[in-house]
Amino acid sequence: MGGLFITFEGVEGSGKTTQHRLLAEALQRAGRAVIVTREPGGTAAGEAIRKILLTPHDPDLSSRAELLLYLAARAQHVTEILRPALDRGAIVLCDRFTDATLAYQGSGRGLPLPELERLCAWAADGLTPHRTFLLDLDPAVGLQRAQTRNSHLVSGEIRFELETLPFHQRVRAGYLDLAHREPGRIRVLDAAWPVEKLQAVIWEDVQEILEGSRE
Ligand code: TMP
């Protein structure tokens, strides 16, 4: 596999989607071919699954059903988009991936992590990001930020924003544990920094990776 796979993670309102977009624009300005995608989503089937996952249900989805839907969307994304793009040598920027499942369905919902890790590896066919930017933020601040932008109202994607603060605190702690376990892959960034400062740190890191891969 010749490409570069970069993911963005963080709690709601952490600004990861903005950084994802800004990095894509910077790479495109530098003349690089970039694939910009997201999870759940990125394929027609994945976007349909996204709708099921992010709109509220009564009664709500069970944790296991939720998990399998995320993994179904991921399996399709890996086969249809990610693996072929990486095999072609493209740079792929993905808004969330396996770490989100471990943090949300594992630490958040309480599904057992060792089992989850095996299922995630299977669904992603062993694909792991080369670099993950974790935008770390107090969920109380993040949820407030998420609620003041109105895109979620337009899309109706409010299922996780309706979760309690302790849920989002467990997700944050789960992400930080993952970063602690894999410091070489996951870069933790303070999402309270100004957008431009975050962008500069991310850009510098990505340039170093690209220069390193040329040597
Ligand atoms: P987004 O709002 O960043 O697009 O992400 C959609 C929501 O889905 C977000 O609340 C996190 C959640 N999520 C999971 O719970 N598990 C996963 O595996 C993924 C990819 C996202």
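Select helix α4, residues 98-108, in this predicted model. The helix is mostly covered: ten of its eleven residues are buried. Colour the buried ones: Thr-98, Asp-99, Ala-100, Thr-101, Leu-102, Ala-103, Tyr-104, Gln-105, Gly-106 and Gly-108.

What covers them? Show β1, α3 and α5, which are among the elements over the buried residues of α4. Then add β4 (131-136), α8 (165-181) and β5 (186-190), which are also part of that cover. Before leaving, click Gly-110, which follows α4. The phi of Gly-110 is positive, near 90°.

**Next: the sheet**

Hide the helices and show the strands. Five strands form an open sheet, and the pairing is parallel. Read across in the order β2-β3-β1-β4-β5. Which strands stand at the edges? They are β2 and β5, each with a single partner strand, so one side of each has no neighbour in the sheet. Look at the twist too: neighbouring strands are turned by 20° against each other on average, with direction ignored.

**Strand β3**

Select residues 91-95, strand β3. Is β3 enclosed or open? Five of its five residues are buried, so the strand is largely enclosed by the rest of the structure. Turn it to check both faces. Ile-91, Leu-93 and Asp-95 lie on one side, and all are buried. Val-92 and Cys-94 lie on the other side, and they are buried as well.

Now add the partners of β3. Strand β1, residues 4-10, runs parallel to β3 and is joined to it by five bridges. Find Phe-8, which stands opposite Asp-95 in β3. Strand β2, residues 34-38, also runs parallel to β3, again with five bridges. Here the pair to label is Ile-35, which stands opposite Val-92 in β3.

**Across to β4 and β5**

Move to the other end of the strand order, where β5 is an edge strand. β4 and β5 pair in the parallel sense over five bridges. Label Thr-132, which stands opposite Ile-186 in β5.

**Helices α3 and α5**

Bring back α3, residues 63-87, and α5, residues 113-123. Their axes are 9 Å apart, and the helices pack at an angle of about 30°. Angles under 35 degrees count as roughly parallel, and α3 and α5 therefore belong in that class.

Show side chains at the contact. From α3 come Leu-67, Leu-71, Arg-74 and Ala-75. They meet Leu-116, Leu-119, Cys-120 and Ala-123 in α5. How many of these contact residues are nonpolar, polar or charged? Seven are nonpolar, none is polar and one is charged.

**Last stop: the cysteines**

Keep Cys-120 from the α3-α5 contact and add Cys-94 from β3. How many disulfides are there? The count comes to zero, taking a disulfide as a pair of cysteine sulfur atoms within 2.5 Å. For Cys-94, the nearest cysteine sulfur is that of Cys-120, 13 Å away, and Cys-94 is in no disulfide. Start instead from Cys-120 and the nearest cysteine sulfur is that of Cys-94, 13 Å away, with Cys-120 likewise in no disulfide.

Are these two cysteines buried or exposed? Cys-94 counts as buried because its relative accessibility is 0%. Cys-120 is buried too, with a relative accessible area of 2%.

Conventions:
Residues are numbered from 1 along each chain as its sequence is written. This is a predicted model: local features need pLDDT of at least 70, side-chain atom pairs count only at pLDDT 80 or more; totals for chains, interfaces and linings use all residues. Side-chain values use heavy atoms; hydrogens and water are left out. Axes are lines fitted to C-alpha atoms, for helices over the stretch in contact, and angles run from 0 to 180 degrees between N-to-C directions. Helices (H or I, at least four residues) and strands (E, at least two) are DSSP runs, numbered from the N terminus. Angles under 35 degrees count as roughly parallel, over 145 as roughly antiparallel, 65 to 115 as roughly perpendicular and the rest as oblique. Contact means heavy atoms within 4.5 Å. Ala, Val, Leu, Ile, Met, Phe, Trp, Tyr, Cys and Pro count as nonpolar, Asp, Glu, Lys and Arg as charged, and the others, Gly among them, as polar. Buried means under 20% relative accessible area, exposed over 50%, partly exposed in between (1.4 Å probe, protein chains only). Two strands pair if DSSP finds at least two bridges between them.
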